[in-house]
Amino acid sequence: MTHGLTIGDVRVGGRVLIAPMTGVTDLPFRRAASRLGAAYVATEMVACVELARGRPDVVRRAAVGDGLPLTVIQLVGRSEAWLAAGARMAEAAGADLIDLNFGCPAKEVTGALSGSALMRDLDQAERLISAAVEATSRPVTLKMRLGWDDASRNAPELGARAERAGVKAITVHGRTRQQFYKGTADWDAVAEVKQATSLPVVVNGDVVDLASARAALTRSGADAIMLGRGVYGRPWLAAGLERGLSDGATADPGPGREDRLGMVLDHYRDTLGFYGDRIGSKMFRKHLGWYVEQAPWPACAQARREAKSRLCRLEDPADVEAGLTELWREAA
């Protein structure tokens with residue numbers, strides 16, 4: 001697997017990318033994954049209208065900062081004017097790449113005729129792509145699904161239209177909107193998008209380890225893979241898979257106990273620094289739970305569940321750090 005991926009005038013330093021995920025890929029998480037070797041970690045999905053209006057929580061989702069090899073800001077919207085405004089703001093904020101979300105299946109997004117709802121109106125989708133491309137000098141990419149449902153798998157057509165409109169790369173989640181995250185990702189169907197366009201294509205969905213990464217690449221013919229839920233509690237996964245795909249390893253064991261503890265504590269402290277202690281503690285609880293769930297210690301799964309419940313109820317940062325340290329070191 002050749003190292004790196006070129007998107008427009010941007011060279012991505014790897015072919016294992018981390019998807020934009022609302023409530024997950026905030027700036028502290030992006031810095032954590034980048035410190036561990038991830039070449040590409042996108043922001044949370046950013047609503048163009050609310051970004052332009054300066055809504056604090058939305059502006060925070062688009063936050064950029066030091067320690068990132070690449071800044072990828074993902075935008076969602078239905079209006080050409082607002083999407084163009086969002087693209088201009090993203091470029092001004094320092095985006096290297098601007099990604100358009102035509103794949104989110106959430107009802108509050110599709111109900112506003114955004115995200116994957118745009119796969120039911122390819123003319124409007126194409127107009128939105130053109131508006132974003134014309135508004136910025138940065139490469140614009142597109143993330144989508146296979147279609148709205150099994151009766152309308154139109155991803156190849158949208159891919160071809162996107163290329164004509166100026167998009168520089170396409171990511172395809174191998175499910176329809178109606179599947180949400182159920183069933184299994186259809187990597188073979190992503191190959192149809194690859195055949196319909198000359199652009200770099202990234203396959204997304206159900207890639208969680210080296211075996212699934214290799215299978216997804218082989219079956220889709222894609223140029224790269226994008227990780228989603230597989231990175232929950234494992235921000236090191238992208239770098240580990242990158243190494244494994246390059247050196248032919250059969251598995252990525254992940255970091256050892258002390259290294260993992262240091263990574264979690266660094267992520268926790270960065271989160272508190274970014275949000276403040278009160279909000280930061282609440283924002284980090286899901287990550288804390290995932291870290292404990294994904295650790296191979298304690299060996300007993302029930303003990304991990306009980307520890308997760310106990311740690312996620314703690315309020316004082318010093319107690320959280322002490323509790324996590326005690327859990328993992330005592331399990332040695």
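# Exercises on a predicted model

R234 has a relative accessibility of 19% and therefore counts as buried. The model examined here is predicted, and the exercises below start from this residue.

## Exercise 1. The surroundings of R234

Task: Determine where R234 lies in the chain, which residues it contacts beyond its sequence neighbours, and which pocket it helps to line.

Solution.

Step 1. Locate the residue. R234 sits in the loop that joins β10 (224-227) to α10 (237-247).

Step 2. Classify its exposure. Buried means under 20% relative accessible area. The value for R234 is 19%, so the residue falls in the buried class.

Step 3. List the contacts. When neighbours within four places in sequence are left aside, R234 is in contact with V208 and Q294.

Step 4. Turn to the pocket. The second largest pocket holds about 200 Å³ of space. It is lined by 15 residues, and those closest to its centre are R234, L237, D252, P253 and G254. Sorted by class, this lining comprises eight nonpolar, three polar and four charged residues.

## Exercise 2. The largest pocket

Task: Describe the largest pocket by its volume, its central residues, and the elements and residue classes of its lining.

Solution.

Step 1. State the volume. The largest pocket contains about 940 Å³ of space.

Step 2. Identify the central residues. The lining has 44 residues, of which T22, M45, N101, C104 and Y181 are the closest to the centre.

Step 3. Assign the elements. Two or more lining residues come from each of β4 (42-47), α2 (48-52), α3 (56-61), β5 (72-76), α5 (107-110) and β7 (140-145).

Step 4. Sort by class. The lining divides into 23 nonpolar, 12 polar and nine charged residues.

## Exercise 3. R153 and its polar partners

Task: Establish the exposure of R153, then find the side chains with which its own side chain makes polar contacts.

Solution.

Step 1. Place the residue. R153 belongs to the loop between β7 and α7 (155-165).

Step 2. Classify its exposure. With 35% relative accessibility, R153 counts as partly exposed.

Step 3. Collect the contacts. Not counting residues up to four places away in sequence, R153 touches L146, G147, T176, Q179, D186 and A189.

Step 4. Select the polar contacts. The R153 side chain makes one with the side chain of D150 at 3.1 Å and another with the side chain of D186 at 3.0 Å.

Step 5. Add a longer distance. S34 is 119 residues from R153 along the chain, and 34 Å separates their C-alpha atoms.

## Exercise 4. The packing of α7

Task: Name the buried residues of α7, the elements they pack against, and the backbone feature just after the helix.

Solution.

Step 1. Name the buried residues. In α7 these are A155, L158, G159, A160, R161, A162 and A165.

Step 2. Find their partners. The buried residues of α7 pack against β6 (97-102), α6 (122-135), β7, β8 and α8 (187-196).

Step 3. Examine the residue that follows. G166, just after α7, adopts a positive phi of about 110°.

## Exercise 5. Two cavities

Task: Compile the volume and lining of each cavity of 30 Å³ or more.

Solution.

Step 1. Count the cavities. There are two of 30 Å³ or more.

Step 2. Describe the largest. Its volume is about 70 Å³, and its lining consists of I7, L17, Y40, D99, T141, K143, A169, I170, T171, V202 and M226. Both β7 and β8 (169-173) supply at least two lining residues; β8 gives the most, with three. By class, the lining of the largest cavity has seven nonpolar, two polar and two charged residues.

Step 3. Describe the second largest. This cavity has a volume of about 50 Å³ and is lined by Y268, S281, F284, R285, L288, L311, C312, L314 and V320. Helix α12 (residues 277-294) gives the most to this lining, with four residues. The classes here are seven nonpolar, one polar and one charged.

## Exercise 6. C300 and C312

Task: Explain why the sulfur atoms of C300 and C312 are not bonded to each other.

Solution.

Step 1. Recall the bond. A disulfide is a covalent bond between the sulfur atoms of two cysteines.

Step 2. Fix the criterion. The two sulfur atoms must lie within 2.5 Å.

Step 3. Apply it to C300. The closest cysteine sulfur to that of C300 belongs to C312 and is 17 Å away, so it is too far for a bond. C300 itself is partly exposed, with a relative accessible area of 43%.

Step 4. Apply it to C312. Its closest cysteine sulfur is that of C300, again at 17 Å and too far for a bond.

Step 5. Conclude. A search of the whole structure finds zero disulfides.

Notes
Residues are numbered from 1 along each chain as its sequence is written. This is a predicted model: local features need pLDDT of at least 70, side-chain atom pairs count only at pLDDT 80 or more; totals for chains, interfaces and linings use all residues. Side-chain values use heavy atoms; hydrogens and water are left out. Buried means under 20% relative accessible area, exposed over 50%, partly exposed in between (1.4 Å probe, protein chains only). Contact means heavy atoms within 4.5 Å. On a 1 Å grid over the protein atoms alone, a cavity is a set of points where a 1.4 Å probe fits but cannot get out, and a pocket is an open set with protein on both sides within 12 Å along at least five of seven lines; lining residues have an atom within 4 Å of a point. Grid points are joined across faces, edges and corners, and a volume is the space filled by probe spheres set on the points. Ala, Val, Leu, Ile, Met, Phe, Trp, Tyr, Cys and Pro count as nonpolar, Asp, Glu, Lys and Arg as charged, and the others, Gly among them, as polar. A polar contact is a pair of N or O atoms within 3.5 Å; within protein, one must be able to donate a hydrogen and the other to accept it, and residues adjacent in sequence count only if both atoms are side-chain atoms.
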